[in-house]
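Subject: A structure for you to explore

Hi there,

Here is the structure I promised to send you. Have a look around it first, and then read my notes below.

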Amino acid sequence: MSLHEKNVVVIGGTSGIGLATAVMAQAAGANVWAASRTQEKISQAAALHPLIQFSQVDTHDPDGLKALFASVGHIDHLVGAATGATRTTAPFMDQTDDQFRAAFDKFWGYTHVVRSGVPFLSENASITLVSGTPARRCNPGMISVSCTGCAVEGLVRALAKELAPRRVNAVAPGIIDTPMFDHFGDKKSATMAAIGKGMPLGRVGLPEEVAEALILAMANHYMTGVVIDIDGGALLA
Ligand SMILES: NC(=O)c1ccc[n+]([C@@H]2O[C@H](COP(=O)([O-])OP(=O)(O)OC[C@H]3O[C@@H](n4cnc5c(N)ncnc54)[C@H](OP(=O)(O)O)[C@@H]3O)[C@@H](O)[C@H]2O)c1
């Protein structure tokens with residue numbers, strides 16, 4: 001169950017859930033590489049976490065992903081945590097085809113991460129992708145996010161059989177307080193508190209609480225093809 005000296009790569013690892021996972025894996029003794037697109041996030045994260053190797057990559061650039069994975073050598077645990085898409089939150093009938101398709105860029109990004117990463121995986125490696133509660137509990141307006149999450153979870157179940165004995169799992173967060181919600185500006189903390197009141201546990205989640213599930217998915221050698229829900233009971237709400 002140890003991550004000591006394991007090579008862990010987190011794509012989308014400069015912020016929020018991915019960064020919390022990278023930090024937790026490094027604290028558990030892993031060698032950690034974390035990557036995303038923007039130099040600003042990379043520099044900020046690198047300044048705070050000098051023992052993690054940060055670099056620039058886009059999930060929609062398979063050559064860039066392959067170059068990163070080749071520089072790691074062999075990968076013991078590969079995490080896909082990038083948002084990787086422009087989402088339109090609107091009812092199905094109010095969305096254009098292009099808007100609906102664009103949400104699936106997260107899914108296509110994950111397929112690039114997996115396809116590019118598999119040749120570098122060690123024999124007992126794991127892949128863990130991040131889906132989300134809307135996959136199985138969709139509120140009005142969240143349909144493109146929901147369908148994308150369903151696709152990610154379907155991918156995980158199918159890959160778990162095809163890639164065995166390498167393990168493939170997903171973690172599905174509920175509403176988690178990450179920079180994904182920074183667009184609320186100075187209303188962010190009040191908005192998150194209001195959203196949290198609607199959850200059975202009375203609050204939104206922390207990125208570290210989701211990272212703990214990602215670490216479990218890496219470390220438990222008999223878990224594959226599953227989705228771990230870390231959502232404060234949102235699926236019950
Ligand atoms: N927070 C929630 O409530 C919640 C709920 C359900 C599911 N999720 C899912 O959890 C995952 C992590 O979200 P988060 O809340 O941690 O968001 P976040 O804090 O905004 O972090 C997203 C990360 O993805 C990177 N990224 C985005 N597009 C990328 C691309 N094309 N290629 C490479 N990296 C990319 C970002 O860095 P750059 O911008 O530098 O690329 C950043 O490091 C996402 O898949 C999200 O959909 C989150």
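Let's start with a pair of side chains: Glu153 and Arg136 meet in a salt bridge, with 2.9 Å from N to O. Please keep in mind that this is a predicted model. In general, side chains of opposite charge can pair when their charged atoms come close.

Where do these two residues sit? Glu153 belongs to helix H6 (residues 143-162), while Arg136 is in the loop between strand S5 (121-130) and H6, so their salt bridge ties together parts that are 17 residues apart in sequence. Glu153 counts as buried because its relative accessibility is 2%, under the 20% cut-off. Arg136 has a relative accessible area of 39% and is therefore partly exposed.

How many salt bridges does the structure hold? There are five, and here are two more of them.

Lys188 and Asp182 bring their side chains together in a salt bridge of 2.8 Å, N to O. Are these partners buried or partly exposed? Lys188, at 15% relative accessibility, counts as buried, whereas Asp182, at 45%, counts as partly exposed.

Arg203 and Glu209 also meet through their side chains in a salt bridge, at 2.7 Å from N to O. Here Arg203 is partly exposed at 41% relative accessibility, and Glu209 is partly exposed with a relative accessible area of 27%. Salt bridges can also link up by sharing partners: Arg136, Glu153 and Asp229 are joined in this way into one network.

Now for the helices. Two packed helices are described by the angle between their axes and the distance between the axes. Helix H3 (residues 62-72) packs with helix H5 (residues 105-117) at an angle of about 45°, and their axes are 9 Å apart. H3 and H5 are therefore oblique to each other, and their crossing is right-handed.

Which residues meet there? From H3 come Pro62, Leu65, Lys66 and Phe69, and from H5 come His112, Val113, Ser116 and Gly117. Sorted by character, the residues of this contact are four nonpolar, three polar and one charged.

If you want to follow along on the screen, begin with Glu153 and Arg136, then turn to the contact of H3 with H5.

Happy exploring, and best wishes!

Methods: Residues numbered from 1 in each chain as written. Predicted model: local features only at pLDDT ≥ 70, side-chain atom pairs only at ≥ 80, totals over all residues. Heavy atoms only, no water. Axes fitted to C-alpha atoms, helices over the stretch in contact; angles between N-to-C directions. Helix = DSSP H or I, 4+ residues; strand = E, 2+ residues; numbered from the N terminus. Parallel < 35°, antiparallel > 145°, perpendicular 65-115°, else oblique. Left-handed = near helix turned anticlockwise from the far one by under 90°. Contact = heavy atoms within 4.5 Å. Nonpolar A, V, L, I, M, F, W, Y, C, P; charged D, E, K, R; others polar. Salt bridge = Lys/Arg side-chain N within 4 Å of Asp/Glu carboxyl O. Buried < 20%, exposed > 50% of the residue type's maximum accessible area, 1.4 Å probe, protein only.
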